[in-house]
Amino acid sequence: MEWTIYLDMDAFYVSCELRDRPELKGRPVIVGPDPTKGPSRGVVLSASYEARPFGVRSAQPVGLAHRLCPEAVWIDPDMEKYVRVSHEVRAAVAAVEANLAPLSIDEMAVRVDVPDAASAEERARALQRTIREQLGLPVSVGVATSQIVAKIATDLAKPGGVKVVPPDGVAEFLGPLSVRAIPGVGPKTGELLHRYGVETIADLRGTLPLGLRRELGDFGAWLRRLSRGIVLEDPRRDEAGPRSRSVDCTLEADSSDLGELEKILDGMVERLVPSLEEEHLAFQTVTVALRWADFEQTQRSRTLAASATSRAALQVPARRLLAEIVEREGRGARRPTRRLSLRVERLRPRHGSERPIESFGGAQGALK
Ligand SMILES: [Mg+2]
């Protein structure tokens, strides 16, 4: 029987830093731009489990995190380090398990063919030990006969645990969880379900109200089956992969200078391209969104004729979209911008995505 062992590194960026600075272990540590070093409008990238009881979360504005937990130690993000360590983790897993799919910088799925839950759990614990002993990093592990249930199990295993869901226990496992535990049910879908009184996954088991069924389409039927323990391919996804990837930048000071905004956008392209390369994703739709100083938001998208992977395929349409937005909605650059977002959608795995692990190391160099 095929099982998925889903690995998700715990507070990955923080854990990478703690390896180098073990004296910080046990203290609230936050990776992000330090708000005490002058005005910063950035966000928390990763918070240690000691910082979380204060209410500190990833993606939170750094000023808020500082107010919630003034004693936290701030560490500037070092993406190069995290990418390097991510490769080390993959290599350590690949040395033991043949069938691995990297999903993001700190998540991967390993498929194993074993007869029962006990054997799958043994393989999962062995991987967890390997990562802890060879790399000194904590990882949570979910084990199930489908990737989506394994991923949900991983969230419940955090931090540092192993959660196994046997195939005949899927409905029972999922039932009490919030619908938001399902990957693909974001704030918007969560709110829609809430309006119809659906809070837990068990609430999806009955006949769904007609209005809800209409709004959700095939995804509703898929959710209902999932709630009963029947796992099929998510109709919203081309593969079991992510639907979009984005980067945001809140400007240090509001700006209406197109040249400056372009420069910031180019920097965002530089951040997004390697992470797509990292995840072996191609994109087809490019979206640029601007939040104006008055907090209104405008966005524009362009869908390319075919999936693309290159920097130019992202940069050219992104720049054009930015110029269009500033020209039309920004009243010819007289309306200042507060925040800039770049998003790619209609993602699919690249051809040749089953490359051997050795080629991951050259991934970024190949883009130059
Ligand atoms: Mg993680």
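**Helix 3 and the five-stranded sheet beside it**

The chain folds into 11 helices and 13 strands. The model described here is predicted. Its C-alpha trace extends over about 65 × 55 × 45 Å along the principal axes. For a chain of 368 residues, a compact globule would be expected to have a radius of gyration near 21 Å, and the value of 22 Å found for the chain agrees with this. Of these 368 residues, 30% count as buried. Sequence-distant contacts are well represented: among pairs in contact that are at least 6 residues apart in sequence, 63% join residues at least 24 apart.

A good place to begin a closer look is helix 3. This helix runs over residues 79-94, and its 16 residues should span 22 Å at 1.5 Å a residue; the end C-alpha atoms are indeed 22 Å apart, so expectation and model agree. Five of its residues, namely Tyr82, Val85, Ser86, Val89 and Val93, are buried. Viewed down the helix axis, the buried residues fall within an arc of 110° and therefore line one face of helix 3. The spacing fits a familiar rule: an α-helix has 3.6 residues a turn, so residues three or four places apart point the same way. On the face turned away from the buried side, helix 3 carries the exposed residues Glu80 and Arg84. The cover over the buried residues of helix 3 includes two helices, helix 1 (12-20) and helix 4 (117-135), together with strand 1 (2-9), strand 5 (100-104) and strand 6 (107-113).

The three strands in that cover also belong to a sheet. Five strands make up this open sheet, in the order 5-6-1-7-8 and with mixed pairing. Strand 5 and strand 8 (162-164) are the edge strands, each pairing on one side only. On average, neighbouring strands of the sheet are turned by 20° against each other, with direction ignored. Helix 4 packs on the sheet, where it touches strand 1, strand 6, strand 7 and strand 8, and its direction makes about 165° with that of strand 7.

Strand 1 has antiparallel partners on both sides. With strand 6 it pairs over seven bridges in the antiparallel sense, and with strand 7 (residues 139-144) the antiparallel pairing runs over six bridges. Leu7 illustrates both connections: its bridge partner in strand 6 is Met108, while its bridge partner in strand 7 is Val141. Met108 in turn stands opposite Pro102, which brings the discussion to the edge of the sheet. There, strand 5 and strand 6 pair in the antiparallel sense over four bridges, and a hairpin of two residues joins strand 5 to strand 6.

The connection from helix 3 into this edge offers one last detail. Asn99 lies in the loop between helix 3 and strand 5. It has 14 C-beta neighbours inside 10 Å and therefore counts as partly exposed. Leaving aside residues up to four places away in sequence, Asn99 touches Val110 and Arg111. Asn99 and Val110 are 11 residues apart in sequence, yet their C-alpha atoms are 5.7 Å apart in space.

Key:
Residues are numbered from 1 along each chain as its sequence is written. This is a predicted model: local features need pLDDT of at least 70, side-chain atom pairs count only at pLDDT 80 or more; totals for chains, interfaces and linings use all residues. The radius of gyration is taken over C-alpha atoms; the globule rule is 2.2 Å times the number of residues to the power 0.38. A residue is buried if 20 or more other C-beta atoms lie within 10 Å of its own, exposed if 12 or fewer, and partly exposed in between; C-beta atoms are placed from the backbone. Two residues are in contact if their C-beta atoms, placed from the backbone, lie within 7 Å. The expected span of a helix is 1.5 Å times one less than its number of residues. The arc is that of the directions from the helix axis to the C-beta atoms. Two strands pair if DSSP finds at least two bridges between them. Axes are lines fitted to C-alpha atoms, for helices over the stretch in contact, and angles run from 0 to 180 degrees between N-to-C directions.
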